[in-house]
Amino acid sequence: MQTDSYIIQVNGSAAHPKVLDVLVNIQGTNTVEKFKNRKPRWAVRASDMSKKTFNPIRAIVDTMTAKPNPAKQMIALSIGDPTIFGNLPTDDEVTRAMKEAIDSQKYNGYAPSIGYQSSREVIAKYYTCPEAPLEAKDIILTSGCSQAIELALAVLANPGQNILVPRPGFSLYKTLALSLGIEVKLYNLMPEKSWEIDLKHMESIVDDKTACIIINNPSNPCGSVFNKKHLQKILAVASRQCVPILADEIYGEMVFEEGTFQYLAPLSTNVPILSCGGLAKRWLVPGWRLGWIQIHDRKGIFGKEIREGLVKLSQRILGPCTIVQGALEHILNRTPREFYVNTVNFIKSNADLCYNALSSVPGLCPVRPAGAMYLMVGIEMEHFPEFESDVDFTEKMISEQSVFCLPAKCFEYPNYFRIVLTVPEEMMLEACSRMSEFCKQHYQGGEGSQDLECDK
């Protein structure tokens, strides 16, 4: 009886083979017949990473079944894109810079994965200050601020570790973390204190597996702006717990009162910070996809590993758009100040209009914003007993009034909804009028009995 024998040749030594080429010589007709008769099977499965990826906004919005009232034009106050209605174009200098970069024919090829040296020097020079000096080596250019956040999370945290995320907070943090196998712990913001962080709660959830704390200032979805004293208290928590900070400052300097915004890094004496920003919001070009990470590490706590790790992670793709990189110096240095002022004044005007209109609406409790592009509105659900949740409330408002606001369940904060403030003024007025009409139709309870603690 002949047994099947297998002769395997492997390149490399017997002790430490390098599996480069494997030659299999199968002797014996029985085995050959078995291989000939075996029917191959397809075994294609989605990756674990794809299965872990979850976008709360899409999960909620995509399952909403409400259809707008055909008698009323749809007003979407849900999308955080300032360009969508065409009323907030970028400045002429910004578009001129792009045209010049294209016409130069200098930026049609590949750039280094972390961005051109010259472009990183532009960012470093623009944001450097004596308290938080920056050089080109401290800058990583990315494909939008979203990729900046993804790279920062990926370099700071391993699967099984956790990050601290604000509640309510931008849903992307959770989406990215879960896909990377990183646990998310939510720390509370306090609407009665203009959405300041509950610092005691934040510190209480830090443990030995906490990889970083995410600080979003100015805030999406809250429109809040932390003062200097509060930021110093945040840094004190991070310092005591020896936890680095990921600062999402994409709305930096988009504040309604001049001088109220403070970047976090200049206040830090020892806490290492990865600050993420980009062109999207302040320059009103979210589709151009240029963001950056600033590495602030004056005490050398990050060391070489974090810097080298960011470079390696950036090499997974070919980096941000080269044309925008070529236009960057012109964009940052030639955009007139009045462009920024006009943009912020428009958003502030809409914020005041919306806040004042909704403050007198029975059952609604808006929280006055101080920056960014958003306003959060509390719903006194006890006065709307027909609705089980903020999702039900906002769905019904779509079907009856054709006004679409994101339910704050999307931001882990039920019984609120978020309003985007970048729509044309006449549209904002009409939306507020419809929301008022909707609430008056469904409100149940004593007139003017406002039980929810809020800023009115």
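This is a guided tour of a predicted model, moving from its nonpolar cores to one helix, one buried residue, and then the pocket and cavities.

**The nonpolar cores**

Begin by selecting L77, I163, F393, F417, I419 and M435, which touch the most other members within the largest nonpolar core, a set of 73 residues. Next, colour helix α6, residues 144–156, since this helix gives the most to that core, with eight residues. In general, nonpolar side chains in soluble globular proteins tend to be buried together.

Now centre the view on L77 and display its surroundings: setting aside neighbours within four places in sequence, L77 is in contact with V403, F404, C405, R418, I419, V420, V423, M428, A431 and M435. F404 deserves a second look, as F404 is included, along with A132, L189 and I273, in a second, separate core of 43 residues.

**Helix α12**

Select residues 337–359, which form helix α12, and draw a line between the C-alpha atoms at its two ends. At 1.5 Å a residue, these 23 residues should span 33 Å, and the end C-alpha atoms are indeed 33 Å apart, so the expected and modelled spans agree.

With the helix still selected, show the side chains of its buried residues, which are F339, Y340, T343, V344, I347, N350, A351, L353, C354, Y355, L358 and S359. An α-helix has 3.6 residues a turn, so residues three or four places apart point the same way. Which elements do the buried residues of α12 pack against? Three helices and three strands can be added to the view here: α5 (117–127), α11 (322–334) and α14 (425–442), together with β12 (364–367), β13 (374–379) and β16 (416–420).

**Q325 in helix α11**

From α12, step across to α11, one of the elements against which its buried residues pack, and select Q325, which lies in α11. Is Q325 buried or exposed? Its relative accessibility is 2%, and Q325 therefore counts as buried, the cut-off for that class being under 20%. Beyond residues up to four places away in sequence, Q325 touches A111, G115, Y116, S119, L141, L290 and P320.

**The largest pocket**

Turn next to the largest pocket, which holds about 670 Å³ of space. To find it, select I57, G80, F170, N220 and K281, the closest to its centre of the 29 residues that line it. The elements giving two or more residues to this lining are α3 (56–61), α6 and α7 (172–179). By class, the lining of the largest pocket divides into 16 nonpolar, seven polar and six charged residues.

**The enclosed cavities**

Finally, look for enclosed space: the structure holds seven cavities of 30 Å³ or more, and the largest has a volume of about 110 Å³. Select Y127, E249, Y263, G277 and W292, which lie nearest the centre of the largest cavity among its 14 lining residues. Strands β10 (273–278) and β11 (291–296) are the elements that give two or more residues to this lining, and β10 gives the most, with four. Six nonpolar, five polar and three charged residues make up the lining of the largest cavity.

The second largest cavity, of about 80 Å³, can be reached by selecting lining residues that include P56, V165, F170, L186 and C410. β5 (162–167) and β6 (183–190) each supply at least two residues of that lining, which has eight nonpolar, two polar and two charged residues. F170 is a useful place to stop, because F170 lines this cavity and is also among the residues closest to the centre of the largest pocket.

Technical notes:
Residues are numbered from 1 along each chain as its sequence is written. This is a predicted model: local features need pLDDT of at least 70, side-chain atom pairs count only at pLDDT 80 or more; totals for chains, interfaces and linings use all residues. Side-chain values use heavy atoms; hydrogens and water are left out. The expected span of a helix is 1.5 Å times one less than its number of residues. Buried means under 20% relative accessible area, exposed over 50%, partly exposed in between (1.4 Å probe, protein chains only). Contact means heavy atoms within 4.5 Å. On a 1 Å grid over the protein atoms alone, a cavity is a set of points where a 1.4 Å probe fits but cannot get out, and a pocket is an open set with protein on both sides within 12 Å along at least five of seven lines; lining residues have an atom within 4 Å of a point. Grid points are joined across faces, edges and corners, and a volume is the space filled by probe spheres set on the points. Ala, Val, Leu, Ile, Met, Phe, Trp, Tyr, Cys and Pro count as nonpolar, Asp, Glu, Lys and Arg as charged, and the others, Gly among them, as polar. A nonpolar core is a set of buried Ala, Val, Leu, Ile, Met, Phe, Trp, Tyr and Cys residues joined through side-chain atoms within 4.5 Å.
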